[in-house]
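Look at the fold as a whole before turning to its charged pairs. The report then follows one helix and the side chains that meet there.

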Amino acid sequence: MKITIEGASEEFAEKVLALAAQQGAELTVATVQTGWSVDRAERYLRSLPAGARRFAEMVILDGDGYLDADQLRSVVGRLNGPTVALSRAVPRGVKKGWWPEGTPAPINPVSDPDNPSWHQNIAYRMDAGNVPVFREALARLAFTQGAARAAGLHPGGAGKTSASWTPDPSMLEGSPDVKFVDVDGGSLPADDDQDDDHTPRS
């Protein structure tokens, strides 16, 4: 007996393989990686509007994966807009095929354990295993942003770009393969048509 299962999670695949081994069945299982790689993290961060990206940067860099909501508010203001943009980024990425269904949100709210009925979040957190992944993604964005500015290109507005360009290969020597650059911080493949989440300022 030969059974092929595609699109299984690793946990599900392990259970099915163990069961099949008991029955002497031959299985082929194609798993889907739902975790965050540096490439996925970079694309996620690039897809965010400026306020939401700053929010994410603070959680990753300033808080090392955990940051009080009050500290975030002191820098980005009200959190409604950034948190809505963050919540939309993962399903938009699934729709565009950037990562598979079931990929978890990298940043999650933390409610007050002493007052669960109070709906305002007290902090935002990222799993410890994802922090170094997103730190590396931010380093890539910082490099491409610096390269763009060095070439005299500047953002065309909050979270937007005025141009995409092809940098001289010598500028990218020893760095990740980058073809196009979002001058506000990220590399863009030629066919990347970012969606804009126009969240009213609240």
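## Overall fold

The protein has six helices and seven strands. This is a predicted model. Read from the N terminus, the order of elements is β-α-β-α-α-β-α-α-β-β-α-β-β.

The protein has 202 residues, and 37% of them count as buried. Its accessible surface is about 11400 Å². Carbon and sulfur atoms hold 50% of that surface. Sequence-distant contacts are well represented: taking contacts between residues at least 6 apart in sequence, 60% join residues at least 24 apart.

## Helix 6

Helix 6 covers residues 131-150, which makes 20 residues. From first C-alpha to last, helix 6 spans 28 Å. That is close to the 28 Å expected at 1.5 Å a residue. After the helix comes Gly152, with a positive phi near 85 degrees.

Which residues of helix 6 are buried? Val131, Val133, Phe134, Ala137 and Leu138 are among them. Further along, the list includes Leu141, Thr144, Ala147 and Ala148. Arg140 is also on the list of buried residues.

## Arg140 and its partners

Arg140 sits in helix 6. Its relative accessible area is 19%, so Arg140 counts as buried, the cut-off being under 20%. Side chains of opposite charge can pair when their charged atoms come close. Which acidic side chain does Arg140 meet in a salt bridge at 2.5 Å, N to O? The partner is Asp39. The two side chains also count as a polar contact, at 2.5 Å. Arg140 lies in helix 6 and Asp39 in helix 2 (residues 38-46), so this pair ties together parts that are 101 residues apart in sequence. Asp39 is exposed, at 51% relative accessibility.

A salt bridge also joins Arg140 to Glu42, with the closest N and O atoms 3.0 Å apart. This pair, too, links distant parts of the chain. Arg140 is in helix 6 and Glu42 in helix 2, 98 residues apart. Is Glu42 buried or exposed? Glu42 is buried, at 5% relative accessibility. Asp39, by contrast, counts as exposed.

## A pair within helix 4

The salt-bridge count comes to six. One of the bridges is formed by Arg73 and Asp70. Their closest N and O atoms are 2.9 Å apart. Where do these two residues lie? Both belong to helix 4 (residues 69-76). Arg73 and Asp70 are three residues apart there, so about one helical turn separates them.

Arg73 is partly exposed, with a relative accessible area of 25%. Asp70 is exposed, with a relative accessible area of 58%.

## The network

Some salt bridges share partners, and through them Asp39, Glu42 and Arg140 form one network. Arg140 takes part in both of the bridges described above, one to Asp39 and one to Glu42. The network thus combines a buried arginine, an exposed aspartate and a buried glutamate. Asp39 and Arg140 connect helix 2 with helix 6. Glu42 and Arg140 likewise link helix 2 and helix 6.

Definitions and conventions: Residues are numbered from 1 along each chain as its sequence is written. This is a predicted model: local features need pLDDT of at least 70, side-chain atom pairs count only at pLDDT 80 or more; totals for chains, interfaces and linings use all residues. Side-chain values use heavy atoms; hydrogens and water are left out. Helices (H or I, at least four residues) and strands (E, at least two) are DSSP runs, numbered from the N terminus. The expected span of a helix is 1.5 Å times one less than its number of residues. Buried means under 20% relative accessible area, exposed over 50%, partly exposed in between (1.4 Å probe, protein chains only). A polar contact is a pair of N or O atoms within 3.5 Å; within protein, one must be able to donate a hydrogen and the other to accept it, and residues adjacent in sequence count only if both atoms are side-chain atoms. Contact means heavy atoms within 4.5 Å. Accessible areas come from the Shrake-Rupley method with a 1.4 Å probe; for residues, only the protein chains shown count as cover. A salt bridge is a side-chain nitrogen of Lys or Arg within 4 Å of a carboxyl oxygen of Asp or Glu.
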